[in-house]
Amino acid sequence: MRNPSSVSVVCVEYEGLLNESQVALTSWANERVEISGRRGRDQYIELRTLQLDFLKAWALLQNHKRDCEVCQVISTVEHVHAGTEEDKVQSLIYH
Ligand SMILES: [Zn+2]
C-alpha cells in the first residue's frame with residue numbers, strides 16, 4: 001500500500017546534513033573544473049581542503065543515518081522509491 005502522506009516523514013537534521021554535503025560537493029566539483037589546466041601547489045591545497053570538507057560532511061551524514069531512528073524509518077520507505085537525493089550525490093562522487 002502506498003499512502004503518499006507516509007512518505008512525507010522528514011528528519012530535519014538529516015536534511016541539513018545532506019544539504020551541507022551537497023554544497024561542499026558542489027564547491028569541490030566547481031573548483032576541480034576551474035583549476036584544471038593550471039595546477040600549482042596552491043590549487044592543489046585548496047582542492048584538497050574542499051575535498052576534505054565534503055568528506056567530513058558526508059561522514060557526518062552517514063553517522064547520523066546510522067544512529068537516527070527517524071532516518072532508519074525513512075530509509076526503509078525510500079527503498080521503495082528510486083532516485084533519492086543521496087543517490088544523486090553518490091553518483092557525482094563516483095562519476
Ligand atoms: Zn535523522
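These are my notebook entries on a predicted model, with most of the attention on helices H2 and H3.

**Entry 1. Overall layout**

I began with the secondary structure of the protein chain and found five helices and zero strands. Read along the sequence, the pattern is α-α-α-α-α. I then looked up burial: 11% of the 95 residues in the protein chain are buried. For contacts with a separation of 6 or more, I noted that 75% join residues 24 or more positions apart.

**Entry 2. The two helices one by one**

I took H2 as residues 12–35 and H3 as residues 41–67. H2 has 24 residues, and I read 35 Å from its first C-alpha to its last, close to the 34 Å expected at 1.5 Å a residue. H3 has 27 residues and reaches 39 Å between its end C-alpha atoms, close to the expected 39 Å. After H2 comes Gly37, and I noted its positive phi, near 105 degrees.

**Entry 3. How H2 and H3 pack**

How are H2 and H3 oriented to each other? I looked up the packing angle, which is about 160 degrees, with the axes 9 Å apart. Angles over 145 degrees count as roughly antiparallel, and H2 and H3 are therefore roughly antiparallel to each other. The crossing of H2 past H3 is left-handed. I also sorted the residues of this contact by type and got 14 nonpolar, five polar and seven charged.

**Entry 4. Buried positions**

I listed the buried residues of H2 as Leu17, Leu18, Ser21, Ala24, Leu25 and Trp28. In H3, the list is Phe54, Ala57, Trp58 and Leu61. I checked what covers the buried residues of H3, and H2 is included in the cover.

**Entry 5. Ser21**

I picked Ser21, which sits in helix H2, for a closer look. Why does Ser21 count as buried? The cut-off for a buried residue is 20 or more other C-beta atoms within 10 Å, and Ser21 is buried because 24 lie within that distance. Setting aside neighbours within four places in sequence, I found Ser21 in contact with Phe54, Ala57, Trp58, Leu61 and Val89. Phe54, Ala57, Trp58 and Leu61 had already come up as buried residues of H3. I also looked up the pair Ser21 and Ala59, which are 38 residues apart in sequence, and their C-alpha atoms are 9.2 Å apart.

**Entry 6. Trp58**

I then turned to Trp58, in helix H3. Trp58 counts as buried because 21 C-beta neighbours lie inside 10 Å. For a link across the sequence I took Gln22, which is 36 residues from Trp58 along the chain, and the separation of their C-alpha atoms is 8.9 Å.

**Entry 7. Ile35**

My last stop was Ile35, which lies in helix H2 and is the residue at the end of the range 12–35. Is Ile35 buried or partly exposed? I counted 15 C-beta neighbours inside 10 Å, so Ile35 counts as partly exposed. Apart from neighbours within four places in sequence, Ile35 is in contact with Gln43 and Leu47. Between Ile35 and Leu47 I noted twelve residues of sequence separation and a C-alpha to C-alpha distance of 8.7 Å.

Note on methods. Residues are numbered from 1 along each chain as its sequence is written. This is a predicted model: local features need pLDDT of at least 70, side-chain atom pairs count only at pLDDT 80 or more; totals for chains, interfaces and linings use all residues. Axes are lines fitted to C-alpha atoms, for helices over the stretch in contact, and angles run from 0 to 180 degrees between N-to-C directions. Helices (H or I, at least four residues) and strands (E, at least two) are DSSP runs, numbered from the N terminus. Angles under 35 degrees count as roughly parallel, over 145 as roughly antiparallel, 65 to 115 as roughly perpendicular and the rest as oblique. A crossing is left-handed if the near helix is turned anticlockwise from the far one by less than a right angle, and right-handed if clockwise. Ala, Val, Leu, Ile, Met, Phe, Trp, Tyr, Cys and Pro count as nonpolar, Asp, Glu, Lys and Arg as charged, and the others, Gly among them, as polar. The expected span of a helix is 1.5 Å times one less than its number of residues. A residue is buried if 20 or more other C-beta atoms lie within 10 Å of its own, exposed if 12 or fewer, and partly exposed in between; C-beta atoms are placed from the backbone. Two residues are in contact if their C-beta atoms, placed from the backbone, lie within 7 Å.
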